[in-house]
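Subject: Structure for your review

Dear colleague,

Please find the structure below, handed over for your use. My notes on it follow.

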Amino acid sequence: MKTISTCIFDLDGVIVDTAKYHYLAWKRLAYELGFEFLEEHNERLKGVSRMTSLDIMLEVGGLTFSQSEKEVMAARKNEWYLEYIYKMTPEEILPGVVDFLVMLRSKGIKISLGSASKNAMLILERVQLQHYFDAVIDGNKALKAKPDPQVFLLAAEELGQNPTSCVVFEDAAAGIEAAKAAGMKCIGIGSPNVLGKADKVVPGFVNATIDLIKF
Ligand code: G6P
Ligand code: MG
């Protein structure tokens, strides 16, 4: 049996549901640009960096802009997004997550965040989870977006762990690909239809035990 030393968690969609706030902020930008951004389009933005999300959004609206115009738009979207984030409380942590983190700590397993978000640290602070994490690799530290494995490899490196003893928790297909490319085990959080390439898929952390990370 494979011994896991380190659990690496994606943030959005695994620990908290911030996708709904990203959606509201992108929708507001789309509205200002004169088109409607639907929830079904939002699925394509999961796990993807802020600028790539903007490119996908503009593609949906059939619009093109210069790099500097896009940077202004991305910054505005982020301001609107942050209005929601500042209001977040620990009640928004997804069910079962805290118990799972406590269990991992009690077994001496290292815990890292591996997120594309540049707001990850702020979100962890808002929901008061930061003290569970031995390392936080976010979109400021990892410049290559998932499916590139960089974010997860940096987490393993910061903790001095071999990638083969790490497991990644992910809700996005791009994240599963990144974990596999890093040579790590991967557990999908969500539906097997989207996350079929993961080693295991579970709907969430409710009642999860150490058996979840036994392979
Ligand atoms: C996560 C989310 C994406 C988001 C990205 C960047 O990966 O799943 O939807 O675009 O983070 O987030 P940021 O907070 O930096 O705009
Ligand atoms: Mg995610």
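In this predicted model, the buried residues of helix α5 pack against three strands: β1 (6-9), β2 (110-114) and β4 (166-170). The helix itself covers residues 97-106, and its buried members are V97, F100, L101, M103 and L104. These residues lie on the same side of α5, because they cover an arc of only 160 degrees around the axis. The general background is that an α-helix has 3.6 residues a turn, so residues three or four places apart point the same way. The face of α5 that is turned away from the buried side carries D99 and S106, which are exposed. After the helix comes G108, whose phi is positive, near 75 degrees.

Two of the buried α5 residues also have a partner in another part of the chain. Leaving aside residues up to four places away in sequence, T209 touches F100 and M103. T209 is found in the segment that comes after β6 (200-202). With a relative accessible area of 39%, T209 is partly exposed. For orientation, the C-alpha atoms of T209 and L122 are separated by 28 Å, and the two residues are 87 apart along the chain.

The metal site comes next. Which protein donors does the magnesium ion (ligand 2) have? They are D10 (OD), D12 (O) and D171 (OD), and they lie 2.0 to 2.1 Å from the ion. Along the chain, the donors follow the spacing D-x1-D-x158-D. D10 counts as buried, at 6% relative accessibility, and D12 also counts as buried, at 17%. Both values fall under the 20% cut-off for a buried residue.

Ligand 1 has 14 residues around it, and those that come nearest are V48, R50, S117, K118 and N119. Several backbone atoms lie at short listed distances from oxygen atoms of this ligand:

- G47: a backbone N or O atom is 2.8 Å from an oxygen atom of ligand 1.
- V48: a backbone N or O atom is 2.6 Å from an oxygen atom of ligand 1.
- K118: a polar backbone atom is 2.7 Å from an oxygen atom of ligand 1.

Another residue that may interest you is K70, which lies in helix α4 (residues 67-85). Is K70 buried or exposed? K70 is buried, with a relative accessible area of 13%. Its side chain makes a polar contact with the side chain of D55, at 2.7 Å. Not counting residues up to four places away in sequence, K70 touches M51, L54, D55, L58 and F65.

Finally, the cysteines. How many disulfides are there? The count comes to 0, the criterion being a pair of cysteine sulfur atoms within 2.5 Å. C7 is in no disulfide, and the nearest cysteine sulfur, that of C166, is 8.7 Å away. For C186, the closest cysteine sulfur is that of C7, and the 11 Å between them is too far for a bond. C7 is buried, with a relative accessible area of 0%, and C186 is likewise buried, at 0%.

Yours sincerely

Key: Residues numbered from 1 in each chain as written. Chains lettered and ligands numbered in written order. Predicted model: local features only at pLDDT ≥ 70, side-chain atom pairs only at ≥ 80, totals over all residues. Heavy atoms only, no water. Buried < 20%, exposed > 50% of the residue type's maximum accessible area, 1.4 Å probe, protein only. Helix = DSSP H or I, 4+ residues; strand = E, 2+ residues; numbered from the N terminus. Arc of directions from axis to C-beta. Contact = heavy atoms within 4.5 Å. Donors = N, O, S within 2.8 Å, 3.2 Å for Na, K, Ca; no water. Polar contact = N/O pair within 3.5 Å; in protein donor to acceptor, adjacent residues only side chain to side chain. Near = heavy atom within 4 Å.
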